[in-house]
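Please look through the following model with an eye to how its charged side chains pair, where its backbone takes less common turns, and what lies at its surface. The paragraphs below take up these topics one after another.

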Amino acid sequence: MSGARESSGPRRPQWVEDVERLDLAVYAAVARTPTPALDAAMSRLSHAADYSKLSLSAAGLLALVGGRSGRSAAASGLTAIAVTATIVNVAVKPLGRRRRPDRLAGDVPLARHVRMPTSRSFPSGHTAAASAFATGVGHVLPVAGIPLHALAALVGYSRVHTGVHYPGDVVAGAMIGIALAQVTTHVRDRVIDQ
């Protein structure tokens, strides 16, 4: 698991190395902690979040039962996902260059495994998209944003639990998703108001 960094360039600041050690330690602690009752649930949740399926389902439900506000919230959330997924996958992941965790070396139980993505590890795209959707929806319907943010946090944890991301990838994904969604909703509001 110590191979989280891909290249050995100039020495990094001590605080960066400390944060990386903490990140690896939390990943290892999650992997070592027996949670048989959670393993299947976290694997299913992680899989359900592939391609933003959970968010797309939530958007459909909001549009169906939420009236005009629900449709507007769904559109806001979906726009935030589109922008976030594009920027994360096209620009941020290639720059991050962080390798995926080695689940076997990290002793992540096989019962937790989901398909290991081929993309880079940093940041978590699942978490970024789920956080962006929650933020976009919450901009229009704050009460709906609360459970969606809780769901985004669970999606993020599921990515660590299943061993496909380090905790730092998830935290960064959430921050990026929220920030991009805030920018997206601001721009969307200005376009709609014109």
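Asp23 is buried, and Arg98 is buried as well. In this predicted model, the two residues form a salt bridge with each other, and their closest N and O atoms are 2.9 Å apart. The pair links distant parts of the chain, since Asp23 belongs to helix H1 (residues 14-32), whereas Arg98 sits in the loop between helix H4 (67-96) and helix H5 (125-140), 75 residues apart. The pairing does not stand by itself, for salt bridges that share partners join Asp23, Arg98 and Asp169 into one network.

Side chains of opposite charge can pair when their charged atoms come close. The structure holds six salt bridges, among them one between the side chains of Arg11 and Glu17, with a distance of 3.2 Å from N to O. How do the two partners stand with respect to solvent, buried or exposed? Arg11 counts as exposed because its relative accessible area is 67%, where the cut-off for exposed is over 50%. Glu17, by contrast, counts as buried because its relative accessibility is 14%, and the limit for buried is under 20%. Another of the salt bridges brings together the side chains of Glu20 and Arg12, at 3.3 Å from N to O, and here Glu20 is buried, with a relative accessible area of 18%.

The backbone deserves a separate look. Most residues other than glycine have a negative phi, and most peptide bonds are trans. Which peptide bond is cis, with omega near -10 degrees? The answer is the bond from Phe122 to Pro123, and Pro123 is found in the loop between H4 and H5, which is also the loop that holds Arg98.

Positive phi values occur at Tyr51, which is not a glycine and has a phi of about 55 degrees, and at Ser52, likewise a residue other than glycine, with phi near 60 degrees. Tyr51 has its place in the loop between helix H2 (36-48) and helix H3 (53-65), and Ser52 lies in the loop between H2 and H3 too. As for solvent, Tyr51 is exposed, with a relative accessible area of 69%, whereas Ser52 is buried, with a relative accessible area of 15%.

Helix H3 leads on to the surface, for Leu64 is found in this helix. Together, Leu61, Leu64 and Val65 make a nonpolar surface patch of about 360 Å². Within this patch, Leu64 is exposed, as its relative accessible area of 72% shows.

A last residue to follow is Ala144, whose place is in helix H6 (residues 142-161). Ala144 counts as buried because its relative accessible area is 16%, which falls within the range set by the cut-off of under 20%. Which residues does Ala144 touch, if those up to four places away in sequence are not counted? Its contacts are Leu62 and Val137. Ala144 can also be set beside Ser69, for the two are 75 residues apart in sequence and yet 11 Å apart in space, taken from C-alpha to C-alpha.

Key:
Residues numbered from 1 in each chain as written. Predicted model: local features only at pLDDT ≥ 70, side-chain atom pairs only at ≥ 80, totals over all residues. Heavy atoms only, no water. Salt bridge = Lys/Arg side-chain N within 4 Å of Asp/Glu carboxyl O. Buried < 20%, exposed > 50% of the residue type's maximum accessible area, 1.4 Å probe, protein only. Helix = DSSP H or I, 4+ residues; strand = E, 2+ residues; numbered from the N terminus. Contact = heavy atoms within 4.5 Å. Patch = residues over 30% accessible without salt bridge, like charges linked within 9 Å, V, L, I, M, F, W, Y side chains within 5 Å. Areas by Shrake-Rupley, 256 points an atom, 1.4 Å probe, with all protein chains shown as cover.
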